[in-house]
Amino acid sequence: MDPSRLAKVDLSPVHRLGYIQETMETSTHSNSPTEAYSPTERTQVRRLAKRGVYDKEQVHGILDEGYICHVGFVLDGQPFVIPTAYARSGEQIYIHGAPASRLMRSKEVDVCLTVTLVDGLVVARSAFHTSINYRSVVVLGRARLITDVDEKRKALRLFTNHLIAGRWEQAKEPTVAELKATSVLALPLEEVSAKVRTGPPIDDEEDYALPIWGGVIPILQSFGEPIPDDRALPGTVVPNLSAGSRTNRT
């Protein structure tokens with residue numbers, strides 16, 4: 001799902017969440033041919049396989065809507081999982097880090113990258129069936145350390161515009177020293193799968209007669225009023241933040 005489509009529809013928060021869920025369900029069960037990732041032994045969704053999604057448009061939509069990824073890797077026999085910034089460009093993910101980071105020590109590293117968006121609390125009548133509506137992506141592969149300065153600059157532009165479209169063009173670009181102080185990994189989107197849960201709780205039939213509320217409580221992420229710092233010059237333009245201010249990358 002392309003998150004920019006949401007910006008074109010004037011919906012209340014509750015209706016907007018319903019729009020997300022309806023769109024995801026329609027796309028997931030659509031019979032129309034779409035470009036998709038081929039499941040591998042490592043990415044095939046087995047637990048609740050019906051929630052598995054391999055459609056590239058939906059995977060890209062989840063990645064483009066998120067802000068933070070978690071990257072898992074093993075170093076000297078010790079597993080690590082770190083949160084960090086990322087951005088997608090076509091069939092590649094750029095991972096942001098510092099040269100001193102454990103993740104950036106090697107020119108190539110095997111990783112598992114995940115992004116999860118939480119859309120709502122699924123409140124069932126029974127504790128057992130209480131759940132969460134979510135959209136998640138898992139990417140497995142070998143990430144390479146970017147050493148080319150031009151490619152690194154391109155990646156930093158993607159990071160910046162992933163937050164606010166056009167912000168790189170408005171802001172001061174990194175200096176040579178700042179480029180050296182930043183490391184970037186590139187991870188190809190090859191072994192990829194998504195998993196999605198939408199809709200209301202699914203209680204046992206006899207529990208629907210219980211006098212206990214059941215349904216979905218939407219979880220909505222929105223932007224607050226921008227707060228300038230103490231050094232902001234009078235008359236400078238405030239960033240325009242909305243659902244449509246995020247860059248869409250094909």
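Which residue in β3 does Cys69 stand opposite? The points below take up this pairing and its surroundings in what is a predicted model.

1. **Overall composition.** The protein chain of this predicted model contains six helices and nine strands. Of its 250 residues, 41% count as buried. The exposed surface of the chain comes to about 14,600 Å², and carbon and sulfur atoms supply 55% of that area. Among contacts in the chain with a separation of 6 or more, 71% are accounted for by residues 24 or more positions apart.

2. **The β2–β3 hairpin.** The residue opposite Cys69 is Thr84 in β3. This position belongs to an antiparallel pairing of strand β2 (residues 68-75) with strand β3 (residues 78-89), which extends over eight bridges. The two strands form a hairpin with two residues between them. Cys69 itself is buried, and its relative accessible area is 0%.

3. **The turn residue Asp76.** The loop between β2 and β3 holds Asp76. Its phi is near 55°, a positive value in a residue other than glycine. This deserves a reviewer's attention because most residues other than glycine have a negative phi. Is Asp76 buried or exposed? Asp76 has 76% relative accessibility and therefore counts as exposed.

4. **The β3–β4 hairpin.** Strand β3 also pairs with strand β4 (residues 92-97), again in the antiparallel sense, here over four bridges. Within this pairing, Arg88 has Ile93 of β4 as its bridge partner. Two residues lie between the strands of this hairpin, and Gly90 takes a positive phi near 60°.

5. **Strand β7 and its partners.** Which strands pair with β7? One of them is β4, which pairs with β7 in the antiparallel sense over six bridges; His96 has Val184 of β7 as its bridge partner. Another is β6, which runs antiparallel to β7 and is joined to it by two bridges. Arg144 stands opposite Ala186 in β7. Five of the six residues of β7 are buried, so the strand is largely enclosed by the rest of the structure.

6. **Helix α3.** Why can helix α3 (residues 56-65) be called largely enclosed by the rest of the structure? Eight of its ten residues are buried. The buried positions are Lys56, Gln58, Val59, His60, Gly61, Ile62, Leu63 and Asp64, a list that includes the charged residues Lys56 and Asp64. At the N-terminal end, α3 is capped by Asp55, of which a side-chain oxygen lies 3.3 Å from the backbone nitrogen of Glu57.

7. **The largest nonpolar core.** This core has 28 residues, and Leu103 and Leu113 touch the most other members. At least two residues each come from α3, β2, β4, β5 (108-123), β6 (131-145), β7 (183-188) and β8 (191-197). The greatest contribution is that of β5, with five residues. Leaving aside residues up to four places away in sequence, Leu103 touches Val71, Phe73, Ile82, Ile95, Val109, Val111 and Leu185.

8. **A second core.** Separate from the core just described is another of eleven residues, whose members include Ala87, Tyr94, Ile146 and Trp168.

9. **Cysteines.** How many disulfides does the structure hold? The count is zero. Two cysteines may be set side by side here: Cys69 is buried at a relative accessible area of 0%, whereas Cys112, at 26% relative accessibility, counts as partly exposed.

10. **Pro200 and the β8–β9 loop.** Pro200 lies in the loop between β8 and β9 (215-218). With a relative accessible area of 56%, Pro200 is exposed. Its C-alpha atom is separated by 5.6 Å from that of Gly215, although the two residues are 15 apart along the chain. Not counting residues up to four places away in sequence, Pro200 touches Val122 and Val216.

Key. Residues are numbered from 1 along each chain as its sequence is written. This is a predicted model: local features need pLDDT of at least 70, side-chain atom pairs count only at pLDDT 80 or more; totals for chains, interfaces and linings use all residues. Side-chain values use heavy atoms; hydrogens and water are left out. Buried means under 20% relative accessible area, exposed over 50%, partly exposed in between (1.4 Å probe, protein chains only). A polar contact is a pair of N or O atoms within 3.5 Å; within protein, one must be able to donate a hydrogen and the other to accept it, and residues adjacent in sequence count only if both atoms are side-chain atoms. Two strands pair if DSSP finds at least two bridges between them. Contact means heavy atoms within 4.5 Å. Accessible areas come from the Shrake-Rupley method with a 1.4 Å probe; for residues, only the protein chains shown count as cover. A nonpolar core is a set of buried Ala, Val, Leu, Ile, Met, Phe, Trp, Tyr and Cys residues joined through side-chain atoms within 4.5 Å. A disulfide is a pair of cysteine sulfur atoms within 2.5 Å.
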